[in-house]
Every structure is written in C-alpha cells, then in structure tokens.
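Please examine the structure shown here and justify the terms applied to it. Each term should be tested against its criterion.

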Amino acid sequence: MNDSSWGAPAGSGYREPHQGPAPAGPAYDGRQAAQTRPMPIVPDVPAGDHQDDHDRGAAHRSGPPFGAETPNEHPQEPMSSPSQPATPKKKTAGRDLGAAIGVGLGLGAVIIASLFIWKAAFVGVIAVAVVVGLWELTSRLQERKGIKAPLVPLAVGGTAMVVAGYVRGAEGAWVAMALTALAVLVWRMTEPPEGYLKDVTAGVFAAFYVPFLATFVALMLTADDGPQRVLMFLVLTVVSDTGAYAIGWRFGKHKLAPRISPGKTREGLLGAVAFAMGAGALCMQFLIEDGTWWQGLVLGLAVAASATLGDLGESMIKRDLGIKDMGTLLPGHGGIMDRLDSLLPTAPVVWLLLVIFVGTT
C-alpha cells in the first residue's frame with residue numbers, strides 16, 4: 001500500500017487508482033485498516049514543566065560548557081529501561097590511589113630527610129621543585145595557548161629567588177624577583193615582536209606564582225626552629241587536603257564551585273577546616289616553641305582557606321588551558337604543579353602568622 005493512503009479518512013470509500021476491489025473475507029476490513037497505526041497518547045504536562053523541557057532541549061543542542069564535568073568526577077550513567085532497575089553509581093577516587101600513596105610516601109621521605117639532616121639540602125629540594133614546576137607551566141602555556149614565556153630566565157631567576165630568600169631574607173627575595181622580571185623582558189626581545197606583551201606578561205606571572213611564593217618556605221627555614229615550622233606547614237596543608245577529600249567523598253552533596261572544580265563540595269571545605277584546625281592546635285602546642293593551641297586553631301583555619309583557594313586557582317588555570325593535569329611526572333598525582341597548587345599560596349600565609357605569633361627566630 002502506498003504511504004499516501006494513510007491520510008484518507010476512514011469510511012470515505014477511497015481506493016488507490018488502477019486497483020481492483022478490496023479482497024473479501026475476514027482478513028481485510030476497511031474500517032480497521034485506518035486504525036492500524038494509532039497516534040501515541042501524550043500525557044498531560046503541567047504548565048510549569050514546559051520551560052524545563054525547553055531548557056533541557058537547548059542544553060542538549062548546545063552541549064555542556066567546557067569544564068562543567070570531568071570524566072573521573074562525574075562518570076556518565078548508563079540508561080536503564082523500566083523493566084531493568086538502574087545500577088547504583090559507585091564512587092571512585094578518579095586516580096590510582098596505590099601509586100599516589102607510594103609517590104607521596106617517597107616524596108615525604110626525601111623532604112623529611114633533607115629538612116632535618118641539612119637545611120641547605122632542603123633549599124635544593126625547593127629549587128628543583130620550582131624549576132620543574134616552571135617547566136610544566138610554560139610548556140602547557142605554549143602547547144595550549146601559543147604563549148612563549150621564556151623558561152631560561154625564569155628557571156635561573158627562580159632558583160636565585162629561593163637561595164636569596166634563604167641567605168638574605170625577604171629583602172633578597174624581592175630583589176631577585178625584580179631582576180627575574182627584568183630578565184624576562186630582555187630575553188624575549190631576541191624574538192619577533194608579535195606576541196611580546198602576552199609572553200612577558202605570562203613570564204612575570206609565572207615568576208610570581210611559582211618561585212616567589214615558594215621563597216616563603218625558605219624564609220620559614222631560616223628560623224632556629226625552621227625545620228619544625230616547615231614541617232608544620234607541610235603537615236597542615238596535607239591534612240587540609242585529606243580532610244576535604246575524605247569528608248567530601250563520603251558526605252559531599254553541595255557543590256562549592258561547580259564551574260571551576262565540580263568535585264569540590266561545601267562539606268569537603270568543612271572537613272578541611274576541621275582537620276586543619278585540629279592538626280594546627282596539636283602542632284603549635286607540641287611542635288613550635290612558645291606556641292599555643294589557640295594559635296594553632298587560627299593557623300589551621302587560615303591554611304584551610306588558602307589551600308582551597310590555591311587549589312581552585314590552579315583549577316581555573318587548567319580549565320582555561322583545557323587540561324586535566326599540568327603534567328605526568330608523578331604517577332597518581334599528575335605533575336609537580338598539581339602538588340604545589342595548595343602549597344604555594346599557603347606558604348606566605350603560614351610564614352606571616354608564625355612571625356606574628358612567635359617571631360622570626
């Protein structure tokens with residue numbers, strides 16, 4: 001039968017041209033033939049749902065904005081039929097926890113050994129981390145944005161910044177920062193002028209973001225109890241991140257900053273604050289001479305805030321670059337910058353509060 005016959009009204013006597021009479025017998029009934037493809041029954045939709053349907057349709061056509069979700073944080077749920085119950089979603093860490101723990105323990109051993117055996121060796125550890133972090137950052141900027149921040153003056157100036165901070169204090173760090181910025185401006189002049197402004201701007205930003213902030217760790221180390229101060233700084237930052245992960249993974253329901261980092265929750269932030277304040281009270285009471293527990297509570301609160309902001313700041317950079325990790329150097333962690341994200345902005349906060357609470361010596 002031709003498709004055009006589906007539009008003929010029932011009982012109209014219409015038959016296609018050049019065909020004989022309809023066959024007789026119970027196998028054919030003209031009145032039933034017009035009803036062999038009934039229209040689907042559309043359920044009544046409340047008036048308030050039409051806008052939601054329109055919004056869902058628009059979202060389907062345009063797709064989610066970049067960075068709204070990441071595969072590890074929000075895996076796509078398979079569709080389930082009415083006869084087959086949906087499989088409950090299983091929470092996953094999103095990384096190889098075994099490798100992450102192993103690498104973390106290895107780094108911790110190197111840090112503690114260099115910190116308490118010879119202070120100068122730990123300054124070398126800071127300098128190496130700074131240079132690798134600068135290499136990761138400038139490489140991703142060039143790959144994803146075509147920005148050529150000069151690595152050589154950044155690496156040399158960053159190392160000088162850390163050493164000057166340890167040897168000459170805050171004044172030495174500021175002078176090294178200024179000279180590094182000047183070196184970036186001059187170094188970039190050896191190439192064509194196209195893109196000069198964005199390249200030197202990114203270079204000065206990288207100099208401030210990585211080596212200058214790391215210099216405050218070297219400043220903490222100059223005190224008589226410098227190793228204890230640096231150890232407390234590292235412990236509080238790690239405990240804050242651990243508390244945010246543990247509480248957020250178990251109880252997290254309300255997103256903290258979904259456009260920047262969909263995996264972070266308000267419950268996780270509360271976990272970071274609670275864990276860091278508890279660890280801060282213990283560290284200030286038993287690890288820092290002349291420190292008191294209430295100072296540790298203030299310090300823990302400040303660390304939780306700065307570590308979270310630092311993590312969100314680097315997440316913002318990675319969203320802009322369109323990458324998940326800054327590198328692959330550390331299995332289970334990503335790159336060096338993925339570990340420094342919360343440490344770098346926390347260093348000046350801890351240094352300043354320790355200076356206020358117990359002085360510089």
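The questions and answers below concern a predicted model.

Q: What makes up the secondary structure of the chain, and in which order do the elements run from the N terminus on?
A: The chain has 11 helices and two strands. From the N terminus on, the order is α-α-α-α-α-α-α-β-β-α-α-α-α.

Q: Why is it said that strand 1 and strand 2 pair?
A: Pairing requires at least two bridges between the strands. Strand 1 (residues 255-257) and strand 2 (residues 261-265) are joined over two bridges, in the antiparallel sense, so the criterion is met. A257 stands opposite S261 in strand 2, and a hairpin of three residues joins strand 1 to strand 2.

Q: What makes D311 and K264 a salt bridge?
A: The criterion is a side-chain nitrogen of Lys or Arg within 4 Å of a carboxyl oxygen of Asp or Glu. For D311 and K264 the N to O distance is 3.3 Å, and the pair therefore qualifies. This pair links distant parts of the chain, with D311 in helix 9 (residues 293-321) and K264 in strand 2, 47 residues apart.

Q: Why are D311 and K264 given which burial classes?
A: Buried means under 20% relative accessible area, and partly exposed lies between that value and 50%. D311 has 18% and is therefore buried, whereas K264 has 21% and so counts as partly exposed.

Q: How many salt bridges does the structure hold, and what is the distance between the closest N and O atoms of D199 and R188?
A: The structure holds six salt bridges. One of them is formed by D199 and R188, whose closest N and O atoms are 2.8 Å apart. D199 lies in helix 6 and R188 in the loop between helix 5 and helix 6, so this salt bridge ties together parts that are 11 residues apart in sequence. Both D199 and R188 are buried.

Q: How do you know that K318 and D338 meet in a salt bridge, and which parts does the pair tie together?
A: Their side chains approach to 2.9 Å, N to O, which is within the 4 Å limit. K318 lies in helix 9 and D338 in helix 10 (residues 336-340), so the pair ties together parts that are 20 residues apart in sequence. K318 counts as buried because its relative accessibility is 11%, and D338 is buried because its relative accessible area is 2%.

Q: Why is G335 called buried, and where is G335 found?
A: G335 is found in the loop between helix 9 and helix 10. Its relative accessible area is 0%, so G335 is buried under the 20% cut-off.

Q: How do you know that G335 is in contact with E136?
A: Contact means heavy atoms within 4.5 Å. Leaving aside neighbours within four places in sequence, the contacts of G335 are E136, G327, T328, L329 and L330. The C-alpha atoms of G335 and E136 are separated by 7.5 Å, although the two residues are 199 apart along the chain.

Q: What makes the interaction of D225 with R229 a polar contact?
A: The side chains of D225 and R229 lie 2.8 Å apart, which is within the 3.5 Å limit for N or O atoms. D225 is placed in the loop between helix 6 (196-221) and helix 7 (226-251). D225 counts as buried because its relative accessibility is 14%. Beyond four places in sequence, D225 is in contact with I288, E289 and T361.

Q: Why is T138 called buried, and what does its side chain reach?
A: T138, in helix 4 (residues 119-145), has 6% relative accessibility and therefore counts as buried. Its side chain reaches the backbone oxygen of W135 at 3.2 Å. Not counting residues up to four places away in sequence, T138 touches I147, A149, L151 and L154.

Q: Why is L182 called partly exposed, and which nonpolar surface patch does L182 help make?
A: L182 has 48% relative accessibility and so counts as partly exposed, since exposed would require over 50%. L182 is placed in helix 5 (residues 151-187). Together with V175, L179, L185, V186 and M189, L182 makes a nonpolar surface patch of about 560 Å².

Definitions and conventions:
Residues are numbered from 1 along each chain as its sequence is written. This is a predicted model: local features need pLDDT of at least 70, side-chain atom pairs count only at pLDDT 80 or more; totals for chains, interfaces and linings use all residues. Side-chain values use heavy atoms; hydrogens and water are left out. Helices (H or I, at least four residues) and strands (E, at least two) are DSSP runs, numbered from the N terminus. Patches are made of residues with over 30% relative accessible area and no salt bridge: like charges are joined within 9 Å, nonpolar side chains (Val, Leu, Ile, Met, Phe, Trp, Tyr) within 5 Å. Accessible areas come from the Shrake-Rupley method with a 1.4 Å probe; for residues, only the protein chains shown count as cover. Buried means under 20% relative accessible area, exposed over 50%, partly exposed in between (1.4 Å probe, protein chains only). A polar contact is a pair of N or O atoms within 3.5 Å; within protein, one must be able to donate a hydrogen and the other to accept it, and residues adjacent in sequence count only if both atoms are side-chain atoms.
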